[in-house]
Every structure is written in C-alpha cells, then in structure tokens.
Amino acid sequence: MGFLTYLDRIDRRIMYLLLAVVVIVPLIFPIIRQKTEITPEVMKAYEAVEKLPTKDAPRKDYKIAVISVFFGPGTMAENRPQMEALVRHFFRRGVPFGILPFDQAGTTLAYNKVDQIAKEMNKEYGKDWIAFSWQPIFDQTLQAMATNVPRTLGRDKRYNAPLTDTKRFPIMEGIKTAGDFSMVVEVTPSGTVPAWISYIGQTKKVPIVYCPTGVMVPEGYNFLDAHQIVGMLPGLMGAARYEAALGEKGFATRAAGSLSTSHVLIIVLIILGNIGYFMSLRQRSSS
Amino acid sequence: MFFVPLRGYSLGLAIGACVVLGVLLLFLLTQVPHRYRKPIIIGVTFLFGWFYFLEFMIPGDRATAPVRGILRSAEHKLRLAQTDLEAITVIKGQLTVQYVEGGRTVKRLIPKDELKNLELDKGEVKVVHEDKDRPRLGEHDGVRRVMRAREIMAAAVADLRRAKSEIERLRPQVQRQLDQESKKAEAEAKRYKLTKEMLARDEQGNILNQRTKALRKRIDDLKDAAQKKIDPTIATIESARSELGNLSTADVESIRSVAAAKVEDVSLARSTLSDNFLTPYKETASNINAVIGSFAIGLGVFGLMSLHGKTIRRRRRGWINSLAFYVALFAMALVGFLQKYLQQKSGGQILSDALYSGILFNGAYISLQATMFSLVAFYIVSAAYRAFRVKSREAVLMMGAALLVMLGLVPIGQWMTSGITHVGWLGSFRLERVQDWIMTVPNMAAQRGMAFGIGVGGLAMALRIWLSLERGAYFDKQL
C-alpha cells in the first residue's frame with residue numbers, strides 16, 4: 001500500500017530524469033523504428049507542392065513560393081524540421097522560393113539551414129532560392145506586399161542588395177505583388193496564419209501550407225476544413241510524415257522515436273498517478 | 001506641396017525634425033485640459049478607422065467601371081455553370097491494385113487517396129485498373145445540365161473577350177494621363193528647385209509621386225488583368241467546354257474545380273481594377289501605422305531601463321539580475337554597431353563574426369532561448385501527471401480523448417493498431433484515424449464555438465476601448 005500511495009506524489013526530479021533519458025536515448029541511438037503513417041493534412045500539403053510551377057515554367061505562369069519564418073531558437077526543434085522537409089521538396093522539384101523571416105533569431109537559423117541544404121543539392125542562391133531580409137513588422141508587411149513585394153521586402157540577406165536587381169537575383173524576375181506567389185508556407189509557433197489568410201491567401205488566392213507547433217495544431221483544423229489553407233504539417237510529427245511522403249529520413253524521422261517514448265512516459269505517469277490517487281482515497285476512507 | 005529628402009544628411013535632419021515634432025505634439029497633448037483630451041484621441045482614431053472603411057466601400061474610378069461591370073457579368077455566368085456542374089453526381093475514383101503479401105498475390109479495390117499509405121505499408125503496389133470520375137448522366141438531369149453549363153461558359157467567354165478589348169482601349173488613355181502627370185511633376189520640380197535627393201525616379205527616369213505611382217499601378221493592373229487573368233481564363237474555359245462536349249471522356253469534377261478557380265481569377269482581376277481616389281494613400285496610412293507601432297519599441301526599452309535602473313540604485317533584492325540586463329543590452333548594441341564598422345576593415349569580418357555571431361548571437365542568445373523553451377517540456381510532464389486525475393466523468397472523457405490523441409500522433413501508437421487494415425470500416429479503428437476524427441470533428445466544433453465567443457467578446461471590448469468606456473483608456477488619467 002505504501003508504494004501504491006507513493007505513486008500519488010512521485011518526486012518530480014525523478015520524472016525530469018526519466019524524461020531526459022527517454023528523449024535523449026532514442027535521439028542518439030535510433031532503436032525505435034516504426035513506420036510513419038501519412039495523414040490526410042500532410043498528404044494535401046505534399047500534393048499542393050507537387051502542383052507548383054517550377055523555375056522552368058513559361059513566363060506567364062512563373063511564380064515563387066515563400067516560406068515565412070516565424071520561429072526562433074525556442075521552437076527550432078519542431079519548426080526547423082518542418083521547414084527543412086518542405087525546402088528539400090522545393091529543391092527536388094525545382095520550385096523557386098524565398099525565405100521571409102519575421103523573427104530576428106530565426107533569420108539566421110533558417111538561412112543557415114537552407115544554405116546547407118542548397119549546397120548539398122547543388123542549388124544556386126538568387127536563381128533557385130533567395131533569403132529576404134528580416135521584417136520587423138508583420139501585419140503591415142503583409143498588407144504592403146499585396147501591392148509591391150520588392151519595395152516592401154527591400155533587400156536580400158546575403159548581399160544586402162536590392163531585390164529589384166534581377167541580374168543578381170533572376171528568381172525575382174516578374175515578381176511584383178503577392179499575387180505572384182505560388183504558395184505561402186507559414187512556419188510558426190504563434191497564431192499568425194489568420195493574417196496570411198486575410199491579406200494574401202483570400203485576397204490574392206495564394207495557397208497556404210501551415211506548419212504550426214504541436215500546441216497550435218487544434219486551431220489549424222478549422223482553417224483546413226474551410227479550405228483557407230491547403231495542407232498542414234502538425235508539429236514535429238508532421239515533418240516526420242512529410243519526410244515519409246518524400247521517402248527521406250531526416251531529423252524529424254529520428255526524433256519521432258523520442259516523441260513516441262516521451263508520450264508513452266507521460267501516459268504511464270498519468271496512469272500511475274491515478275492508481276496512486278485512488279489508493280490514497282481508499283486509505284483515507286478506511287482510516 | 002510637401003517634399004521629403006530621400007537620402008543624405010538632409011534625410012537625417014528631416015528625421016530629427018520629425019522626432020522633435022512628435023515629442024512636441026505629445027507634450028502639447030499633456031497640456032490640453034483633461035476634458036478635451038479624450039475627444040481629440042477618439043477623433044483621430046475614428047479618422048483612421050474611417051479612412052480604411054471608406055477606402056474599402058467607395059467604388060473604383062469611372063474609367064474602369066465598364067470593365068468591372070463586364071467582368072462581374074462573366075463571373076456570375078461562371079458561377080452559374082459551376083452550380084450546374086456541382087449538381088451532377090460524380091462516382092468517386094477507385095483503384096484496383098495488386099501486391100504481394102506473405103508470398104501470395106493479393107488483388108484489392110481501394111479508394112484513390114489510400115494508394116500512398118498502401119505503398120508504404122506493402123511496398124510495391126501495382127495499379128491494375130482505375131475508375132475515372134465520370135458524370136452519372138441521367139441522374140439529376142445530368143445531360144441537360146452539362147449542355148446548359150457549356151452554353152453559359154460560351155457566354156462568359158464572350159464577356160471576357162469584351163472586357164479584354166475594353167482594357168486594350170483604356171490602356172493608352174491611362175498611359176497618356178501618366179505622361180501628362182510626369183511632365184507636370186518635372187515642371188513642379190523645376191519651379192520649386194528640388195534637388196536629386198528630394199525626388200524618387202523609376203527606371204526610365206520619370207518622377208515618382210503619389211499621382212504617377214497610382215497611374216503606373218493602374219497600367220500594370222490593366223496589363224495583369226488582361227494577360228495574367230483574362231487570357232488564361234478564356235483558354236481554360238474554352239478547353240473545359242470542349243471537354244464537356246465529349247461526354248464520354250468528360251471529367252466533371254475536375255472541370256468544376258477548374259471553373260471554380262477561374263471564377264476566383266476573374267473576381268481578383270475585377271478587384272484589382274477597383275482602386276479609388278483614396279487607394280494611393282493607403283501605403284502612406286500603413287506607414288503612419290508602422291511608425292506609431294515602432295514607437296512602442298522605444299517606449300519598451302525606456303520602460304525596462306527605468307525599472308531596472310531603479311532596482312540597481314536602491315539595491316533591491318535581485319539587483320544583480322538588473323545589472324545583467326544592462327550589460328546584455330549595451331554589449332549587444334555595441335557589438336551590433338561595431339560589426340557594421342568592422343566589416344569594412346581588413347580582417348574585421350572574422351572578428352565581427354566571432355564576436356557577434358559566434359559568442360553573443362549563437363553562443364548566448366540562441367542557446368539561452370532554446371534552453372528556456374526546452375524547460376517547458378519538463379514542466380508539461382510534471383503538470384500532466386498532477387492535473388490528469390480522474391475526479392469526475394468529464395475528467396474521464398478528457399483523459400480518454402487526450403490519451404487517444406497522444407497515442408494516435410506518434411509512431412508507437414500507430415504501430416499498436418497497425419494490424420488493422422487501412423481499407424474498409426475496420427480501418428476507422430486505427431489509432432491515427434481515431435486521432436484524426438477527434439481533431440477534425442469534436443475538436444473543430446469546440447474550437448469554432450470558442451472562436452465565435454472570443455470574436456464577439458473581442459468586438460465588445462474593442463468598442464469599449466474605442467469609445468473610452470474602459471477606465472484609464474486613451475490618456476484618460478495617466479498622461
């Protein structure tokens with residue numbers, strides 16, 4: 001009885017230690033390898049990217065995709081693999097895209113990652129992809145982009161050169177307003193997607209793929225059901241599912257093992273806590 | 001006429017003058033008697049609100065009105081055709097697939113969208129037969145509806161052609177207006193002896209002011225509407241019409257979605273031609289908004305400095321943390337400015353990268369932020385353990401749903417029910433499907449209910465603040 005009642009008040013230091021172990025061990029030794037199912041919202045995102053115009057599209061159909069980076073170091077573990085999976089898909093299909101950072105720290109995080117993938121896949125800056133400069137004000141930037149993209153975003157991150165310099169940045173050729181975006185990918189830990197829907201998605205008819213962190217996922221289903229977004233990568237698991245759809249095994253697939261073990265730990269702790277709770281109740285009522 | 005320098009020292013002077021003017025205005029506001037302050041602030045706020053409201057409500061200029069009218073008519077016709085096509089029953093596509101399982105060949109009929117999952121599940125899957133989506137003619141008066149949709153589409157195409165020729169007629173007119181305005185702007189620049197710094201010019205060297213910018217935008221909008229929206233719509237609708245003519249191969253569902261997409265294109269073309277006399281000032285209004293918003297950053301830094309300054313001066317408990325704030329603030333700012341300077345010196349790039357990117361940014365800032373957030377994971381585990389106690393029926397429901405969602409999300413949960421087939425009603429009991437159902441049905445219903453509630457509450461709150469019914473709102477007392 002003593003042990004069972006102890007389950008009602010397990011020392012939290014033990015829980016912290018257990019969590020650290022179940023997160024770290026599968027990350028270092030990927031012993032848990034389950035198949036990752038592709039859910040409908042991820043499949044929709046994948047199919048939407050498959051339909052995007054490539055850089056070789058005829059002049060009248062040429063558009064660029066935009067990856068809005070709203071994440072910082074705090075949610076990098078969840079958001080960066082989502083961005084990475086989509087970037088790999090864009091590069092693989094030859095879809096031209098730009099990264100548009102709204103988080104100061106995220107600017108460097110996203111840029112370094114995309115630059116690394118671009119080098120791996122032999123993609124050229126300015127032609128296959130571009131990094132826009134950091135934008136401090138969100139709503140006004142979206143509103144202004146609806147009428148003039150190069151003027152609103154100003155300069156690129158790498159050379160600090162104006163985006164109107166199409167000799168240096170052929171990717172920007174013919175890109176005037178947000179209507180010239182083929183897709184917007186919103187990688188975010190915050191509730192920022194409604195602004196994209198209002199200012200760009202609905203008015204300019206640009207498809208939006210939403211990549212929220214796990215806690216923001218429940219809200220995302222409303223937008224998906226209303227066709228305001230075309231697909232969603234829910235948290236780190238969304239990234240792992242996207243990697244499965246791409247047939248690749250990146251960080252997200254490896255981290256899915258850690259997610260599994262940590263979720264199981266939480267469930268076990270909840271069950272143990274309830275056993276302890278009932279035992280304590282019984283002990284109190286009998287005494 | 002109000003000219004603003006665009007570059008050089010004069011721009012710095014202008015910015016300084018604007019800051020002084022802003023501070024002066026704030027000071028004057030503090031001197032205004034209390035009973036007048038509230039109406040002044042409400043008046044200014046209403047003015048901004050009215051600007052956006054009127055810009056949205058006032059119809060576009062008279063010249064483009066005929067084009068908009070024709071486009072509206074085309075849009076209406078396309079919507080009618082879309083409605084007709086929607087009423088026709090479409091058999092959902094199915095695939096007959098074949099794969100090897102346990103050494104024997106299995107043949108199975110599955111929905112189209114299950115193919116990817118089955119491939120992941122079983123490896124190589126061969127599609128033996130595909131049932132295309134077809135109109136089930138005769139049902140819901142299918143043939144008559146298809147024929148009528150074709151006729152309506154033909155009328156819509158005629159409208160679109162008319163709109164295009166009207167645009168072609170308008171473009172030279174607007175170009176002439178732009179030329180006249182450019183000349184007028186040049187004459188004004190000469191008369192007021194404006195320097196290069198005070199004038200913005202486009203690639204052709206024409207002066208860019210509010211009026212010329214608006215006219216240039218109109219020319220671009222007309223060109224885009226004709227070439228990027230109307231031309232592709234005509235081509236697509238013509239091809240959809242011919243597809244519909246051949247009833248045996250027609251794929252009604254895809255034609256309907258094409259028509260729906262093109263309706264949106266026409267609607268977009270119409271809305272881009274709806275600029276009114278207030279639209280050119282929208283960018284200026286947004287800039288004013290942005291500037292006012294940016295003042296908040298300055299105020300925030302000022303507030304933090306004053307708070308921590310007081311803590312250090314009075315040696316309050318934890319003053320060392322306040323000192324850390326000052327050190328971090330100045331170190332980051334100093335190295336940030338130094339970085340710009342060092343980049344121009346030989347070898348300075350390496351030093352600035354090491355100092356700014358290496359130590360302060362990647363080494364301290366990013367690591368600290370990541371650490372702060374990762375601590376949340378530990379608190380979540382502890383909180384879940386303590387909070388999820390089965391104390392009532394509602395708690396049982398909530399815990400059950402939470403456990404199913406948690407398991408359905410991760411591979412280990414999906415593995416637990418991986419023995420259940422993907423196809424058929426049994427497939428609905430797979431944990432990832434159960435999780436998906438919980439998220440898309442009960443969760444979505446609850447989320448929408450909350451969103452409505454929050455929306456109505458937010459509106460009421462906004463009105464209260466706007467009308468200064470909230471205590472202390474809009475400089476009511478504090479200023």
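These exercises concern helix α10 of chain A and its surroundings in a predicted model. Local features need pLDDT of at least 70, side-chain atom pairs count only at pLDDT 80 or more, and totals for chains, interfaces and linings use all residues. Residues are numbered from 1 along each chain as its sequence is written, and chains are lettered from A and ligands numbered from 1 in the order in which they are written.

**Exercise 1.** Check the length of α10(A) against the span expected at 1.5 Å a residue.

*Solution.* Helices are DSSP runs of H or I with at least four residues, numbered from the N terminus. The expected span is 1.5 Å times one less than the number of residues. Helix α10 of chain A covers residues 235–246, which is 12 residues, so 16 Å is expected. Its end C-alpha atoms lie 17 Å apart, in agreement. After the helix comes A:Gly247, with a positive phi near 75°.

**Exercise 2.** Determine how many residues of α10(A) are buried.

*Solution.* A residue is buried if 20 or more other C-beta atoms lie within 10 Å of its own, exposed if 12 or fewer, and partly exposed in between, with C-beta atoms placed from the backbone. By this count 11 of the 12 residues of α10(A) are buried, and the helix is mostly covered. Among them are A:Gly235, A:Met237, A:Arg241 and A:Ala245. A:Ala239, also in α10, is buried because 29 other C-beta atoms lie within 10 Å.

**Exercise 3.** Describe how α4(A) and α10(A) pack.

*Solution.* Begin with α4(A), residues 76–93. Its 18 residues reach 25 Å from first C-alpha to last, close to the 26 Å expected. Of these residues 14 are buried, so α4(A) is largely enclosed by the rest of the structure. A:Gly94 follows α4(A), with a positive phi near 80°.

Next, take the axes, which are lines fitted to C-alpha atoms, for helices over the stretch in contact; angles run from 0 to 180 degrees between N-to-C directions. The two axes are 8 Å apart at an angle of about 20°. Angles under 35 degrees count as roughly parallel, over 145 as roughly antiparallel, 65 to 115 as roughly perpendicular and the rest as oblique. The pair is therefore roughly parallel.

Last, list the contact, where two residues touch if their C-beta atoms, placed from the backbone, lie within 7 Å. The residues involved include A:Pro81, A:Gln82 and A:Ala85 of α4(A) and A:Ala239 and A:Tyr242 of α10(A).

**Exercise 4.** Describe how α10(A) and α11(A) cross.

*Solution.* The axes come within 8 Å and cross at roughly 135°. The helices are therefore oblique to each other. The contact includes A:Leu236, A:Ala240 and A:Glu243 of α10(A) and A:Ala252, A:Ala256 and A:Leu259 of α11(A).

**Exercise 5.** Find the contacts of A:Ala239 beyond its neighbours within four places in sequence.

*Solution.* The partners are A:Pro81, A:Gln82, A:Ala85, A:Leu233 and A:Ala252. A:Phe138, 101 residues away in sequence, has its C-alpha 25 Å from that of A:Ala239.

**Exercise 6.** State which helix of chain A gives the most residues to the side that touches chain B.

*Solution.* The contact takes 48 residues from chain A and 46 from chain B. Helices that each supply at least two residues of the chain A side include α2 (12–28), α10 and α11 (251–286). The most come from α11(A), with 12 residues.
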